[in-house]
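Visitor: I am new to this structure and would like a close look at a single part of it. Could you walk me slowly through how the strands there are joined and which charged side chains meet across them?

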Amino acid sequence: KFGIQSLDAGAFCAAYPFEELGTVAVSFYQLSNGGAYTQQKYGLALSRAFGERLAIGMQFDAFSRSIQEFEQDWHLTGEVGFQFKLDEQLTAGLHVFNPVGVNQEEDFNSLSPPTGTIGFGYEFSDKAELHLATQQNIQHATRFRAGLGYQPIENLELQAGIATAPLNYSFGLGYRWKWLDLNLSFGFHRNLGQTPYLSTNYQPQ
């Protein structure tokens with residue numbers, strides 16, 4: 001990550017829809033610096049649609065942090081999100097992470113401060129879509145994000161994104177083969193350099 005050989009990050013998520021309950025998901029994220037520092041996030045989520053226009057999701061989070069020669073510590077928090085389908089092309093979303101600093105430990109909140117995000121997605125056609133979002137937390141300046149996806153041919157999507165505070169931008173492409181999605185992208189941070197990203201998504205029909 002950021003061109004630093006010893007710094008890497010990875011994530012895994014699995015979701016399954018239940019007819020009555022909704023969709024249940026488990027997730028895992030890890031950021032590691034060659035064993036000297038490791039930060040992990042475990043998530044258990046539930047989401048459900050209410051009618052054709054509203055969907056609500058919530059997730060319980062467990063954070064683990066370990067520093068070489070120090071004891072491992074744990075912190076618990078949560079997050080919630082709402083998605084509103086305003087019309088056939090426009091969708092709005094609201095996401096709140098660690099609301100009102102539910103974990104009162106100052107050191108934890110400095111790493112994962114309460115954060116709110118509002119975003120919109122607009123589908124121009126079956127081939128093009130635009131996503132805009134603004135994010136605010138108690139410690140940093142307001143951050144704006146924009147992403148664009150375009151399908152020049154079937155199953156292939158070109159992707160581009162930009163974010164502020166600090167400025168970084170990314171480019172990538174995604175390809176769908178039957179039940180498998182493959183995505184490759186590169187992010188460029190103004191101060192820290194570039195980071196390659198590779199992701200796969202398997203969704204059986």
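Guide: Two strands are said to pair if DSSP finds at least two bridges between them. In this predicted model, strand 3, covering residues 37-50, pairs in the antiparallel sense with strand 4, residues 54-67, over 14 bridges. One place to see this pairing is Gly43, whose bridge partner in strand 4 is Asp61. The hairpin made by strand 3 and strand 4 has 3 residues between the strands, and Gly51 takes a positive phi near 80 degrees there.

Strand 4 is also joined to strand 5, residues 73-85, by 12 bridges, and these two strands run antiparallel. Along this pairing, Met58 stands opposite Val80 in strand 5. Strand 4 and strand 5 form a hairpin too, with 5 residues between them, and in its turn Glu69 has a positive phi of about 75 degrees.

Turning to the charged side chains, a search of the whole structure finds 3 salt bridges. One of them is formed by the side chains of Glu79 and Lys41, at 3.1 Å from N to O. This pair links distant parts of the chain, since Glu79 lies in strand 5 and Lys41 in strand 3, 38 residues apart. Glu79 has a relative accessible area of 15% and is therefore buried, as buried means under 20%.

Another salt bridge brings together the side chains of Asp73 and Arg65, at 3.0 Å from N to O. Here Arg65 is buried, with a relative accessible area of 13%, whereas Asp73, at 23% relative accessibility, counts as partly exposed.

Notes:
Residues numbered from 1 in each chain as written. Predicted model: local features only at pLDDT ≥ 70, side-chain atom pairs only at ≥ 80, totals over all residues. Heavy atoms only, no water. Helix = DSSP H or I, 4+ residues; strand = E, 2+ residues; numbered from the N terminus. Salt bridge = Lys/Arg side-chain N within 4 Å of Asp/Glu carboxyl O. Buried < 20%, exposed > 50% of the residue type's maximum accessible area, 1.4 Å probe, protein only.
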